[in-house]
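Student: I would like to learn how to read a few features of a model, taking backbone angles, burial, helices and pockets in turn. Could you give me the general idea each time and then the case at hand?

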Amino acid sequence: MVFQKLLAVRIHGPFPFRGLGYELKTKNKGGQNLKDIPQFWQQYIQKQLGATIPNPLHKNEELGICTDFSPETGEFVYIIGMEVEKGTQAPEGLVYKSFPELEYAVFTTPKANEESFPSTIQSTWNYLFTEWFPQSGYEHQGALDFEMYDERCYDPENKQIDIYIQ
């Protein structure tokens with residue numbers, strides 16, 4: 001995997017934003033999240049759960065939101081969902097979260113085919129925590145990170161996403 005071509009960009013917003021979606025509680029200890037999150041996405045896709053999210057602001061953009069991280073236990077919440085209008089009511093089984101305006105470093109994953117896409121995402125996260133953070137001088141805040149899945153995910157041979165880290 002060639003990560004030297006990853007581009008980190010400091011940006012401001014257009015955040016704050018509000019997300020509505022399905023919640024998974026997992027942990028990074030023992031690689032549990034590396035199993036749980038891909039399975040969670042498979043379930044979300046197979047059951048077409050995105051279609052149940054009311055009033056998305058961007059119908060072709062889905063978010064994988066990491067929040068409520070506990071450094072002591074490695075536990076965090078992962079939400080698959082979409083950005084929605086402020087105050088959107090969460091139907092049963094979904095959660096609504098509002099996030100403040102924050103500054104992010106944004107990384108684009110290398111292009112991947114359908115089969116290698118999940119491992120490319122995981123390798124990018126690994127690179128961020130094992131190489132980029134230690135060398136950048138920045139400290140991971142742990143409050144909110146998210147993956148942006150947009151039209152680039154529809155190409156079966158050149159899939160990629162952006163990862164926003166706070």
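Student: Where is aspartate 68 found, and what is its phi?

Tutor: Most residues other than glycine have a negative phi, and most peptide bonds are trans. In this predicted model, aspartate 68 lies in the loop between S3 and S4, and although it is not a glycine it has a positive phi of about 55 degrees. With a relative accessibility of 44%, aspartate 68 counts as partly exposed, since that class lies between the cut-offs of 20% and 50%.

Student: Which other residues have a positive phi, for instance asparagine 55 or glutamine 48?

Tutor: Asparagine 55, which is not a glycine either, has a positive phi of about 55 degrees and is placed in the loop between H1 and S3; at 56% relative accessibility it counts as exposed. Glutamine 48, just after H1, takes a positive phi of about 50 degrees.

Student: How should I read H1 itself, and what distance separates its end C-alpha atoms?

Tutor: One can compare the expected span of a helix with the span found in the model. For the 15 residues of H1, a rise of 1.5 Å a residue should give 21 Å, and the end C-alpha atoms are 21 Å apart, which agrees. The next step is to ask which side of the helix is covered: Asn33, Asp36, Ile37, Phe40, Trp41 and Tyr44 are buried in H1. Viewed down the helix axis, the buried residues of H1 fall within an arc of 130 degrees, so they line one face of the helix. The face turned away from that buried side carries the exposed residues Gln39, Ile45 and Gln46, while the cover over the buried residues of H1 includes strand S2 (17-27), S3, S4 and S7.

Student: Turning to the strands, is threonine 67 buried or exposed, and what does it touch?

Tutor: Threonine 67, in strand S3, counts as buried because its relative accessibility is 4%, below the 20% cut-off. Not counting residues up to four places away in sequence, threonine 67 touches Phe76, Val77, Ile79, Phe99, Ala143 and Leu144.

Student: Which residues is isoleucine 79 in contact with?

Tutor: Isoleucine 79 belongs to strand S4 and, at 2% relative accessibility, counts as buried. Leaving aside neighbours within four places in sequence, its contacts include Gly21, Tyr22, Glu23, Leu63, Thr67 and Val95. Separation along the chain and separation in space are to be read apart: isoleucine 79 and glutamate 23 are 56 residues apart along the chain, yet their C-alpha atoms are separated by 4.4 Å.

Student: How far apart in space are aspartate 145 and proline 54?

Tutor: Aspartate 145 and proline 54, 91 residues apart in sequence, are 23 Å apart in space, C-alpha to C-alpha. Aspartate 145 is placed in strand S7 and counts as buried at 5% relative accessibility; among the residues it touches beyond four places in sequence are Gly64, Trp125, His140 and Tyr164.

Student: Finally, what volume does the largest pocket have, and which element gives the most to its lining?

Tutor: Rolling a probe the size of a water molecule over the atoms shows where empty space is left. Here the largest pocket has a volume of about 1,100 Å³, and of the 38 residues that line it, Ile37, Trp41, Tyr78, Glu147 and Tyr149 lie nearest its centre. H1 gives the most to the lining of this pocket, with eight residues. By type, the lining residues of the largest pocket divide into 20 nonpolar, eleven polar and seven charged.

Methods:
Residues are numbered from 1 along each chain as its sequence is written. This is a predicted model: local features need pLDDT of at least 70, side-chain atom pairs count only at pLDDT 80 or more; totals for chains, interfaces and linings use all residues. Side-chain values use heavy atoms; hydrogens and water are left out. On a 1 Å grid over the protein atoms alone, a cavity is a set of points where a 1.4 Å probe fits but cannot get out, and a pocket is an open set with protein on both sides within 12 Å along at least five of seven lines; lining residues have an atom within 4 Å of a point. Grid points are joined across faces, edges and corners, and a volume is the space filled by probe spheres set on the points. Helices (H or I, at least four residues) and strands (E, at least two) are DSSP runs, numbered from the N terminus. Ala, Val, Leu, Ile, Met, Phe, Trp, Tyr, Cys and Pro count as nonpolar, Asp, Glu, Lys and Arg as charged, and the others, Gly among them, as polar. The expected span of a helix is 1.5 Å times one less than its number of residues. Buried means under 20% relative accessible area, exposed over 50%, partly exposed in between (1.4 Å probe, protein chains only). The arc is that of the directions from the helix axis to the C-beta atoms. Contact means heavy atoms within 4.5 Å.
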